[in-house]
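Reader: I am new to this structure. Please take me through one sheet closely, and then show me what lies elsewhere.

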Amino acid sequence: MDYTDTIDTCEFVDSCVEPEKDTSLLLQYLIQIQYRYNFVPEDAISQLQHSLDLDVAHIKSVISFYSFLNSSFQGHYRILFSDNITDRMLGNQSLYEQLKTSLKNHKVDIGFTSCTGFCDQGPAMLVNGMAINKLDSKRITQIADLIQNNQPLELWPEGLFVKEENIQRSDIQFNSKAGDGKGIEAALENGSDAILKILNDSGLRGRGGAGFYTAKKWQFCKQAISNQHYVVCNADEGEPGTFKDRVLLSTDAHSVIEGMTICAAVIGATKGLIYLRGEYRFLVDKINEVLQKRRTEGLLGQNILGHQGFNFDIEIHLGAGAYICGEESALIESLEGKRGIPRVRPPFPVVDGYKNKPTVVNNVETFWSVSRIIVNGSHWFTRKGTPQSTGTRLLSISGDCERPGIYEYPFGTTLTEILKDCGGSDAQAVQMAGAAGTTVVPSGFDRAMSNEDLSTGGSFMVLGPQRNLMDLLQNFAQFFKHESCGFCTPCRVGTSIIADVIQRFKNAQGCEHDLKQLRDVCGLMNISCFCGLGCTVPTVFLDALNQHSQMFKDLMKTDSSTPCFNLEESVSEFKQITNPSGRGL
Amino acid sequence: MADKIKIATVSLAGCFGCHMSILDIDEKIIDLVELVEFDRSPLTDIKQVSECDIGIIEGAVANAENVEVLKDFRKQCKTLVAMGACALSGGIPAMRNHFTLEQCLRESYVNGTGLENSCIPDDVELPMLLNKVYPVHQVVKVDYVMPGCPPPADMIWNLLTALLEGRKPEFSAEDIRYD
């Protein structure tokens, strides 16, 4: 809808703001305003300032933090191409150029964004926050026509928005059913200690990547004395190459919500929150339907399953394009309506989390697995996997393979086997666990996916023999530079330096000085960054330096230790702006 | 005279504040000139740097001429010192890095108030501006740095005396604490 006037804006803001005037909903209000006007007008900011009694500076600082919020009007359509390495491998750059050229006389905002979670069906994009996949030249022409005719998004052909689930391999978890309330019943009948015992015996570890024992986390939270506890589902699936949580929420939200409800019964929470990444906004209605259905079935709300005094309900909070919000303490800040800056830990969220109350934050897949383990028992789970990594987990496989999609594997499965199944046996490398993960080359394909060996948050990107590893490094370096929250200097500056150095190697302009600087910065970030994001940034670059030192040497311009500074390139803008005739260096 | 240590100094994109701080060593400058001879420097107005023992750079690198002068200094000086915040990290001049060069030039020369026949100056006599402003160490190798805006006179004196005595200059945490 068009930006009309002050009165309309103020009325809209007033209609959004709930009577409790809870400032932790600020981000949610800003997102609603963004999607109504395609930016956040000044009028809306001052109206929010009055109704929530917040500083303008605070509101603006929140707007500037999140990629999906604009402070100025850029056009009725905002198109963001997903820019993960897998999208690039599928040719997103030329599609971007095509769309830009077709719409050069139209006021639209066309840009890039980090991985949107459709790597198995890319190249992907978001139009005003809604996902469109499997882009090709034909689709781009179609989209350009729709925009030129000013067609509102609601009237675009549904076919454009079709999403596939692509579940390619099932094991015990996909083959069992849960989410129908039996798990909650069991939890209520047997009591929280029995549930914790089952989880403890199952050895279930968090599926977000860090692999902390779920039973332990719940136990700590349960023990924390407070008048209120919270359950938070981390659905901010931002690690490039991961899309399993999207599939779980879209095909089996019941199980995820049941897992959250079981957690609530154990820790004594009455309120749960699903933090859904902005890229998955299309799932909001679907999840809300499930929530509503469960309320009518007595699986959510007051006196759940007739159990007096067990009250629990769930709200969805949207993110707005910030990778760092997948880190649990940044996620909590974001839930509280603030910039997503990680907190000092300890205290950990289990004692001091959302609104400073004890909070369990678990990944979507963790809750989904809980719902199954409670129904089937711990032995059912532990008969798969390895001693330190029990059961199965989901991998999101994308890149150069014949059958990308979701694969459920027991822990301990080797990369060779996985590559054979997905049709990527000729891979030159696998990027495990996303941009912050490890690059595994063929000599390591006999290694196993597990916490003992190669741990992963679920991302599995295959690089075929035709790919240039430098493209991967450049893509990740840009990603980290963009997604660093900017709070601590080693990460803010370090990611910029890494991006610059990698770019020079990409242009075959590297030098010995760059190599040294890359190693120095990586070493420094490893030990001095404030949060996990910063500390894991160096992994992929150090892997490359160690495994492919010849590639770096081949891309050097000189081997001197002097910084390489290219004067010709450094004055390119000035030459463009001014009359270039008669100027030489 | 031949035995004297030769020092050259220059201000690239800087405000000469660091050079003012050199002068703040007050009467010690009399001791200094006993030991050293100044080559190219705003104090001597010599235009070209010749072979020197120590080169001291103030300011960031913002245009093609800065690059040329800086590379000249690196070539001619045995030891190169970056002096002050702009030389170390870009400082105030690097604040323009948040904008494109064109935005900056338009703001000053096209959209500014009170301009007549406004246009972006492009006389060939003017040094070409770099797309972005750089700290000194991103263009040449630097041996020592003196932080501060400006570095206090005592720090400059410490560094010079250490170098003259053949010691490695070191600053205590106290010396480089500015808050």
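Author: The sheet comes first, then a helix pair, the domains and the chain contact. Keep in mind that this is a predicted model.

Start with the sheet in chain A. Four strands form it, in the order β8-β7-β6-β9. The sheet is open, and its pairing is parallel. Look at the edges next. β8 (313-318) and β9 (359-363) of chain A stand there. Each has a single partner strand, so one side of each is left without a neighbour in the sheet. From one strand to the next, the twist averages 20°.

Now zoom in on one pair. Strand β6 of chain A covers residues 230-235, and strand β7 of chain A covers residues 271-276. They pair in the parallel sense over six bridges. One position to find is A:Cys233, which stands opposite A:Ile274 in β7(A). A helix also packs on this sheet: α12 of chain A, residues 284-296. Helix α12 touches β7 and β8 of chain A. Its direction makes about 175° with that of β8(A).

Next, turn to a pair of helices. Helix α2 of chain A spans residues 26-37, and helix α4 of chain A spans residues 56-65. Their axes come within 11 Å and cross at roughly 65°. The crossing of α2(A) and α4(A) is right-handed. On the α2(A) side, the contact is made by A:Leu26, A:Leu27 and A:Leu30. On the α4(A) side, A:Ile59, A:Val62 and A:Ile63 make it. By class, this contact has six nonpolar residues, no polar ones and no charged ones.

Step back to the whole of chain A. Its domain assignment gives domain 1 (6-65), domain 2 (78-164), domain 3 (168-382), domain 4 (394-463) and domain 5 (469-569). Take domains 4 and 5 of chain A. Their C-alpha centres lie 25 Å apart. Nine residues of domain 4 are in contact with 13 residues of domain 5. On the domain 4 side, β12 (429-432) and β13 (438-440) of chain A each give two or more residues. That side has five nonpolar, four polar and no charged residues.

Last comes the contact between chains. Here 16 residues of chain A are in contact with 18 residues of chain B. On the chain A side, α23 (567-570) and α24 (572-577) each supply at least two residues. The largest share, four residues, comes from α24(A). By class, the chain A side divides into seven nonpolar, seven polar and two charged residues.

Note on methods
Residues are numbered from 1 along each chain as its sequence is written. Chains are lettered from A and ligands numbered from 1 in the order in which they are written. This is a predicted model: local features need pLDDT of at least 70, side-chain atom pairs count only at pLDDT 80 or more; totals for chains, interfaces and linings use all residues. Two strands pair if DSSP finds at least two bridges between them. Axes are lines fitted to C-alpha atoms, for helices over the stretch in contact, and angles run from 0 to 180 degrees between N-to-C directions. Two residues are in contact if their C-beta atoms, placed from the backbone, lie within 7 Å. A crossing is left-handed if the near helix is turned anticlockwise from the far one by less than a right angle, and right-handed if clockwise. Ala, Val, Leu, Ile, Met, Phe, Trp, Tyr, Cys and Pro count as nonpolar, Asp, Glu, Lys and Arg as charged, and the others, Gly among them, as polar. Domain bounds come from an automatic or database domain assignment.
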